[in-house]
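Please read through the sequence once and turn the model around before going further. The paragraphs below then go from single places in the chain to the whole.

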Amino acid sequence: MTDTDTDTDADADADADTGGDAGPGTGTDTGTDTGTGRDAIVRAARRAFTLRPYAEVTLRGIAADAGVSPSLIVKRFGSKERLFNTVADFQPAADALFAAEPAGLGRHMVLTVLRLRDELRGDPLLRVVFSLGIDDERTLLRARFREQVTARLAASLTGRDRELRAELIAGQLLGLGATLSLHRPDGAGTRTTAERLAELYAPGLQGLIDGGAGRRDPEGPVSVVG
């Protein structure tokens, strides 16, 4: 894939579907821009920090992409470093994704991903994919993702292979977002209700969450009723 292809794919995602999360930074961003330009700035920053080395990103460039003045970015965020830290925060998305009891967590995760994509015009996790293999400050995205999403989920699971199952669950969630993005705007996913998507996708997630709990060992004894 060329740099141009990467730019095109990531820009399309950031504009219509990627990069979003359930509130960067302080966790108070609900995805509704109240006229301050915050949402446009955050989306432009996600594109910039995902596609370019930190040192090459400028507030002037982000401002031009967002359609605002550089002084507004300084007013809203203070500095490039603080803006980057806002973009690199997955905590609010994790709070929303994990806010359910284990027995129903798979379905909740699917419905939450779909809801956040709709409300925030962006996937809550997918932007971390575009940072893979880039050895600069954007490695913070991966570190934050592991800390705030994967490690947090692993700590909440029970049974064997908790870390592995957490990584696989995170991969399933990223895969859901990537699939919906890949096939938009007229893919089958866009014509399917959230409930139906959850019905189809959640069982796989739930199996990883449960870790096989409650399943009969095929080599174990078989109970006969009656």
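P185 sits in the loop between α9 and α10. The model is a predicted one, and in it the peptide bond that joins R184 and P185 is cis, with omega at about 5 degrees.

The two helices on either side of this loop can be taken next. Helix α9 covers residues 162-182 and helix α10 covers residues 194-210; their axes come within 9 Å and cross at roughly 165 degrees. Angles over 145 degrees count as roughly antiparallel, so α9 is roughly antiparallel to α10. The crossing of these two helices is left-handed. On the α9 side the contact is made by R165, L168, I169, Q172, L173, G175 and L176, and on the α10 side by Y201, L205, L208, I209 and D210. Sorted by class, the residues of this contact are eight nonpolar, two polar and two charged.

Helix α9 also packs against the helix before it. Helix α8, residues 139-156, meets α9 at an angle of about 125 degrees, and the axes are 8 Å apart. How are α8 and α9 oriented to each other? They are oblique, because an angle of about 125 degrees falls outside the ranges for roughly parallel, roughly perpendicular and roughly antiparallel. The crossing of α8 and α9 is right-handed, while that of α9 and α10 is left-handed. From α8, the residues F145, T150, L153, A154 and A155 meet R162, E163, A166, E167, I169, A170 and L174 of α9. This contact has eight nonpolar, one polar and three charged residues. I169 of α9 appears in the contact with α8 and also in the contact with α10.

The loop between α8 and α9 holds D161. Phi of D161 is near 55 degrees, which is a positive value in a residue other than glycine. Is D161 buried, exposed or partly exposed? Its relative accessible area is 45%, so D161 is partly exposed; the buried class ends at 20% and the exposed class starts over 50%.

Another loop residue is A100, placed between α6 (91-97) and α7 (105-120). A100 has a relative accessible area of 30% and is therefore partly exposed too. Leaving out residues up to four places away in sequence, A100 touches L105 and H108.

Earlier in the chain there is another helix pair to look at. Helix α3 (residues 59-66) and helix α4 (residues 70-77) have axes 8 Å apart and pack at an angle of about 105 degrees. That angle makes α3 roughly perpendicular to α4. L59, R60, I62 and A63 of α3 are in contact with P70, I73 and V74 of α4. Six of the residues in this contact are nonpolar, none is polar and one is charged.

The chain as a whole can now be described. What does its secondary structure come to? The protein chain has ten helices and zero strands, so the pattern read along the sequence is α-α-α-α-α-α-α-α-α-α. Of its 226 residues, 45% count as buried. Among contacts with a separation of 6 or more, 70% are between residues 24 or more positions apart. The accessible surface of the chain comes to about 11,900 Å², and 52% of it belongs to carbon and sulfur atoms.

Notes:
Residues are numbered from 1 along each chain as its sequence is written. This is a predicted model: local features need pLDDT of at least 70, side-chain atom pairs count only at pLDDT 80 or more; totals for chains, interfaces and linings use all residues. Side-chain values use heavy atoms; hydrogens and water are left out. Helices (H or I, at least four residues) and strands (E, at least two) are DSSP runs, numbered from the N terminus. Buried means under 20% relative accessible area, exposed over 50%, partly exposed in between (1.4 Å probe, protein chains only). Contact means heavy atoms within 4.5 Å. Accessible areas come from the Shrake-Rupley method with a 1.4 Å probe; for residues, only the protein chains shown count as cover. Axes are lines fitted to C-alpha atoms, for helices over the stretch in contact, and angles run from 0 to 180 degrees between N-to-C directions. Angles under 35 degrees count as roughly parallel, over 145 as roughly antiparallel, 65 to 115 as roughly perpendicular and the rest as oblique. A crossing is left-handed if the near helix is turned anticlockwise from the far one by less than a right angle, and right-handed if clockwise. Ala, Val, Leu, Ile, Met, Phe, Trp, Tyr, Cys and Pro count as nonpolar, Asp, Glu, Lys and Arg as charged, and the others, Gly among them, as polar.
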